[in-house]
Amino acid sequence: MKSNAGFLSLAEELQFNILSFLSCRDILRCTSVCKALRQTYMSSSELQYIVELSGQRLLHVPNTDSVKIPVSKRLQLLRDKAHAWFKVDAHSFETVSLPKNMHSDEKFVVDGHIYLWDKDEDMATIVPILPKPSQKTVKRDWSPGTLFSVPDSDNLYVFMDPAQNLIATAYAVTDDTLQLNEETLYIDLRVLDSDGVHPHAAGRTLFLSVPPASKDKCLVTESAKLKGFGRHIALRCSFVYPFEGTWQLHIWDWQHSTTSNSVLSGTSFSPIQIDFGFLGNNRLLVVAADLKLYSIEDTSQTPQLLACFMMPVPFPNVRCFLPKDHIDSSPQIQVQQAMYTSDPQNRLLCITTEGRRAYVISTRIFFNLDGMAAAKPVPWERWGPSNTRIFELSCQSIVHVSGNRILQALLEGTSASGPLKHTLHIMDFSPLAVTNRRGLGRVVKEPSTILDFDGWTGRPAKSLTTSLPYVEVILDRKFDSAESEVADVWVDEDRIYLLNRKWDQEVVGSAHYAIEYNELEVVDV
């Protein structure tokens, strides 16, 4: 009692300061000790701001304290922003026109831009999306022959990072003077808004190290994927080899070296059966038959396996979605600085499969490794049900993730009943979603179960129960495929992006032609 009395006898400002060093959980525990501490918390915008950030799975961004916004105002803006996601008006949007002469293989929305890549035509473009006055932007087109630096190379992938003013292009060059037609892979790093070498890059070109087990094999690249986060870039290559498919994953610290010994490899039955994603600056998750977590802090050596998480069923052709937020953006291209960003240790990972399922997984499990041995796989029953929510998807359904929110464009109806329609579902998995919804949406806390069927007999083989809680809101706008098709969707902390596939009718003589083009709808939240 004496210690409590001593603390409560301190000036209110000192109480606030002492409590502010505690974690969110400990602050809330203090509020249940006595009415006086509860009142201390309720009268402090600073303490409530700490709890609100944690409850929304956000982190305060350093070096933004100079922005003259009182903490009480920041707190209210934070709460109002979270609530706004439960009353989105999808009928209110702006349209961004995109080039009509491109049938892009890859489309990405990142850092306030959309970039498109047409592999067959060797073209690319990047377009800013309704930029704010203070936002620095890039708008550029690459015509055939200008995107890759080596003529007649096999163009594998294009990655753009507006926040770091970076474009990376992966390509293969075949030496046909050799009997085996040996293939060599490279990655060029350039400034996104011009053709110069990136000032932070260790060199213009990244070179691949060939694993010893592959030196005697003649491998032909079947597919490739290039991703980056901060100082790391990774290239996944899948190869055709007699009787089996093989893959390699090369990781570089592109700001400090043009070479890397950080290589992973394996076998698979499909060239697109593996995907990967960065979990912050020093961790990499490889998604295949199971989830393997690696440390990539030192790219001069093979990535260190930290843990292996078993999945309940095999993955047929996976795609891995992870949010990408930049806290320390490059000064060349820096968007309007936010005061907070999503917590990399408490975000959502979304894995979609060809079997029309979405596995929504909390990334906290990949940072809480106490008691987990790298050499011993962690059974699904131990980690999966409480950290995951599995959704069944219909054909042509689309999923995207940002922070602790999931956006699903679900196809509803049947062709017999008329045109199919997409409906948008927003799901908030943050702990404070129940509070910030203010009566809107549907709270889902009860477990859900889906059946996994045997591929040979068609009978139920296993039931999968998951229970990660969330709050869902279904937007009232329907997207009719008779007029246009939802080709893709994205979501970030401020907006929803809908890529619609449309058609122009063109008449040539007695013939009628439908000319396909894309438009981007932007819904502000």
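This is a short walk through the packing, charge pairs and strands of a predicted model.

Let us begin with the nonpolar interior. In soluble globular proteins, nonpolar side chains tend to be buried together. Here the largest nonpolar core has 34 residues, and the ones with the most contacts inside it are Met160, Ile187, Leu189, Leu226, Ile233 and Leu235. Strands contribute to this core: β4 (113-118), β5 (123-128), β7 (154-161), β8 (166-175), β9 (182-191), β11 and β12 (232-241) each provide at least two of its residues. The largest share, six residues, belongs to β8.

Leucine 189 is a handy place to look around. Setting aside neighbours within four places in sequence, leucine 189 is in contact with a list of residues that includes Leu166, Ile167 and Ala168, as well as Val197, His198 and Ala201. Among its other contacts are Ile233 and Trp254. A second, separate core holds 27 residues, including Ala307, Leu349, Trp383 and Leu464.

Trp383 leads us on to the aromatic rings. A pair of aromatic rings is described by the distance of the centres and the angle of the planes. The structure contains eleven aromatic pairs. In one of them, tryptophan 380 meets tryptophan 383 edge-to-face, with 5.3 Å from centre to centre and 80° between the planes. How are these two placed along the chain? Tryptophan 380 and tryptophan 383 are three residues apart in helix α7 (residues 380-387), so about one helical turn separates them. Both tryptophan 380 and tryptophan 383 are buried.

Turn next to phenylalanine 276 and phenylalanine 278. Their rings also form an edge-to-face pair among the eleven, with centres 6.5 Å apart and planes at 85°. Both phenylalanine 276 and phenylalanine 278 are buried. Elsewhere, ring pairs join Phe148, Tyr171, Tyr186 and Phe207 into a cluster.

Some rings have a charged neighbour over them. Lysine 227 lies over the face of phenylalanine 276, 5.0 Å from the ring centre. In another case, the charged end of lysine 100 sits over the ring of tyrosine 517, at 4.4 Å from its centre.

Lysine 227 brings us to the charge pairs. Side chains of opposite charge can pair when their charged atoms come close. The model has 17 salt bridges. One of them joins the side chains of lysine 225 and aspartate 275, with 3.5 Å from N to O. Because lysine 225 lies in strand β11 (residues 220-229) and aspartate 275 in strand β15 (residues 275-278), this pair ties together parts that are 50 residues apart in sequence. Aspartate 275 also forms a salt bridge with lysine 227, where the closest N and O atoms are 3.1 Å apart. That pair links distant parts of the chain as well, with lysine 227 in strand β11 and aspartate 275 in strand β15, 48 residues apart. Together, Lys225, Lys227 and Asp275 are linked in a network of salt bridges.

Are the members of this network buried or exposed? Lysine 225 is buried, at 16% relative accessible area. Aspartate 275 is buried too, at 2%, and lysine 227 counts as buried at 18%.

A further salt bridge joins the side chains of arginine 405 and aspartate 428, at 3.8 Å from N to O. Arginine 405 is in strand β25 (residues 405-412) and aspartate 428 in strand β26 (residues 421-428), so the pair links distant parts of the chain, 23 residues apart. Arginine 405 counts as buried at 16% relative accessibility, and aspartate 428 counts as buried at 5%.

Now for strand β23. Why is strand β23 (residues 388-392) described as largely enclosed by the rest of the structure? Four of its five residues are buried, and therefore the description fits. Strand β22 (residues 357-362) pairs with β23 in the antiparallel sense over five bridges. Within this pairing, valine 360 has arginine 389 of β23 as its bridge partner.

Our last stop is aspartate 89, in the loop between α6 (71-84) and β2 (94-97). Aspartate 89 counts as partly exposed, at 42% relative accessibility. What separates aspartate 89 from aspartate 476, in sequence and in space? The two are 387 residues apart in sequence and 8.2 Å apart in space, C-alpha to C-alpha.

Terms used: Residues numbered from 1 in each chain as written. Predicted model: local features only at pLDDT ≥ 70, side-chain atom pairs only at ≥ 80, totals over all residues. Heavy atoms only, no water. Phe/Tyr/Trp six-rings, centres within 6.5 Å; stacked < 30°, edge-to-face > 60°. Buried < 20%, exposed > 50% of the residue type's maximum accessible area, 1.4 Å probe, protein only. Lys NZ or Arg CZ within 6 Å of the ring centre and 35° of its normal. Salt bridge = Lys/Arg side-chain N within 4 Å of Asp/Glu carboxyl O. Core = buried A, V, L, I, M, F, W, Y, C linked by side-chain atoms within 4.5 Å. Contact = heavy atoms within 4.5 Å. Pairing = 2+ DSSP bridges.
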